[in-house]
Amino acid sequence: MITVSDALRIIAENAPPNPEEQVSLHGCRGRVLARDILSDTDWPPFDTSAMDGYAVRLSDTPRPGAVLAERERTIAAGDAPPGPILPGEAVRVMTGAPLPPGTEAVIPVERARREEGRVRFEIAPAPGAHLRRRGESVRSGSRLVSAGRRLTPGDIALTALAGVDPVTVFARPRVAIAVTGDELVSPGEKPRPGQIRDSNGPMLLALCAARGWPASPRARVGDDASGVAALFAADGRDEDVLVTSGGVSAGDFDLLPEIARREGFEILFHGVSLRPGKPVAFARRGRTLWFGLPGNPVSSSVCFHLFVRFALDCLEGDPSPGAPRVEAQLTRDLEGAGTRETYRDGILSHAGAIVRVEPLASAGSHDIAAHARANALIRVPADSDPPAAGATVECLLFQ
Ligand code: AMP
Ligand code: MG
């Protein structure tokens, strides 16, 4: 059996970035940028007023009470750049207006009184007061957003400022989700004795949707060879990644890995030294990847956060793929991992500068009720001493 870190390496080797595509600026939040965004302009693009006020020269307003002639025309935001300020002149300028060349300060209208074509100022301004100089925030040609960044609303403001629309991003990986198992019925159905409702299908679809990955459900598959073969025989043209739940462990009806192989998938791993999630399988046929997640709901979720998310990030060209990892202080003692790397449900919280994680009691890999309360997984390395309360542990965030 391979280790978790070997599994991640194998996934990375088999999940090259998708092709680039052009997306409208309005639709690219959360997408991974494929090309640097360079500004084609200074920002601000011209000297401009930060207030509704008067543009003045310092030598004309050396002390409170100065009276200057007011230029007839007020300069508004959107006006063409005005002529230079003359000695003894004050020019009324609105916020965002281009300033007359020679302006050394702006005096807010609240500190000025108009007197028949002249203005009296209550204050002597400090040099540079209330004006914004061209290029003080951004220089033309500078890099505003780097390739590889998952675009935030702030990045999108910068991209707009730089005049880039549409934006070049990596195509999103398309996911198909299929659940397997004779015992499963849909959430809307009443299970007969011996049956259970499918909770993994909706969960896996929601995990993809939460990160903006388009995912579509496939028809449920029973534990029979022909149904499973049909699932893998589909050409895969509509998806980059097929994610299944169930049928990958050692039971009599765990048919998926063998049938995937028969249908042309190369099994890249089957079984990882991990708890929960040991039976997880990963395979590839051409550009299509298959993740066979175990059916136990907590195992399915852990394997999604650890492996599927990592693969989808890689396909999307994200240079730091995978769930974010942070260090946190354990609030109570934990059992050791034994020989397999172990992931435990936890609730991570911030107390001032300290990040703490509270391990949740769990009845096992079927205990989705405990797992659903968690916001992080606590990683306990294989063959390590049991971590005690106060110890620093590594956590994987569900975000
Ligand atoms: P399997 O991996 O197929 O051996 O399934 C392991 C356990 O997970 C069994 O108890 C199944 O009933 C349960 N299980 C399988 N698929 C699902 C599902 N889609 N939703 C909830 N539980 C499931
Ligand atoms: Mg099963």
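The following exchange walks through two sheets, two helices and one loop residue of a predicted model.

Biologist: Which strands stand at the edges of the sheet that contains β13, β17 and β21?

Modeller: In this predicted model, six strands form an open sheet with mixed pairing, in the order β16-β13-β17-β21-β20-β18. Two of these strands have a single partner each, so one side of each is left without a neighbour in the sheet, and they are β16 (215-217) and β18 (266-270).

Biologist: Which residue of β21 is the bridge partner of T244?

Modeller: Strand β17, residues 241-245, pairs with strand β21, residues 288-293, in the parallel sense over five bridges. Within this pairing, the bridge partner of T244 is G292.

Biologist: At about what angle does helix α1 run to β18?

Modeller: Helix α1, residues 4-13, packs on this sheet and touches β18, β20 (281-285) and β21. The angle between the direction of α1 and that of β18 is about 155°.

Biologist: How wide an arc around the axis of α1 do its buried residues V4, A7, L8, I10 and I11 cover?

Modeller: An α-helix has 3.6 residues a turn, so residues three or four places apart point the same way. In α1 the buried residues are V4, A7, L8, I10 and I11, and their arc puts them on the same side of the helix. On the other side of α1, S5 and E13 are exposed. The arc of the buried residues is only 160°.

Biologist: At about what angle does helix α6 run to β21?

Modeller: Helix α6, residues 297-315, lies across β13 (175-179), β17 and β21. Its direction relative to β21 is given by an angle of about 170°.

Biologist: Is D318 buried or exposed?

Modeller: D318 is placed in the loop between α6 and β22 (325-330). Leaving aside neighbours within four places in sequence, D318 is in contact with V32, R150 and D313, while its side chain reaches the backbone nitrogen of S320 at 2.9 Å. Because buried means under 20% relative accessible area, the value of 11% for D318 makes this residue buried.

Biologist: Which residue in β9 stands opposite R113?

Modeller: A sheet in the order β7-β4-β6-β5-β9-β8 is also open, with six strands and mixed pairing. Its edges are β7 (105-108) and β8 (112-115), each with a single partner strand, and the twist averages 40° from one strand to the next. β8 pairs with β9, residues 118-121, in the antiparallel sense over four bridges. The residue of β9 opposite R113 is R120.

Terms used. Residues are numbered from 1 along each chain as its sequence is written. Chains are lettered from A and ligands numbered from 1 in the order in which they are written. This is a predicted model: local features need pLDDT of at least 70, side-chain atom pairs count only at pLDDT 80 or more; totals for chains, interfaces and linings use all residues. Side-chain values use heavy atoms; hydrogens and water are left out. Two strands pair if DSSP finds at least two bridges between them. Helices (H or I, at least four residues) and strands (E, at least two) are DSSP runs, numbered from the N terminus. Contact means heavy atoms within 4.5 Å. Axes are lines fitted to C-alpha atoms, for helices over the stretch in contact, and angles run from 0 to 180 degrees between N-to-C directions. Buried means under 20% relative accessible area, exposed over 50%, partly exposed in between (1.4 Å probe, protein chains only). A polar contact is a pair of N or O atoms within 3.5 Å; within protein, one must be able to donate a hydrogen and the other to accept it, and residues adjacent in sequence count only if both atoms are side-chain atoms. The arc is that of the directions from the helix axis to the C-beta atoms.
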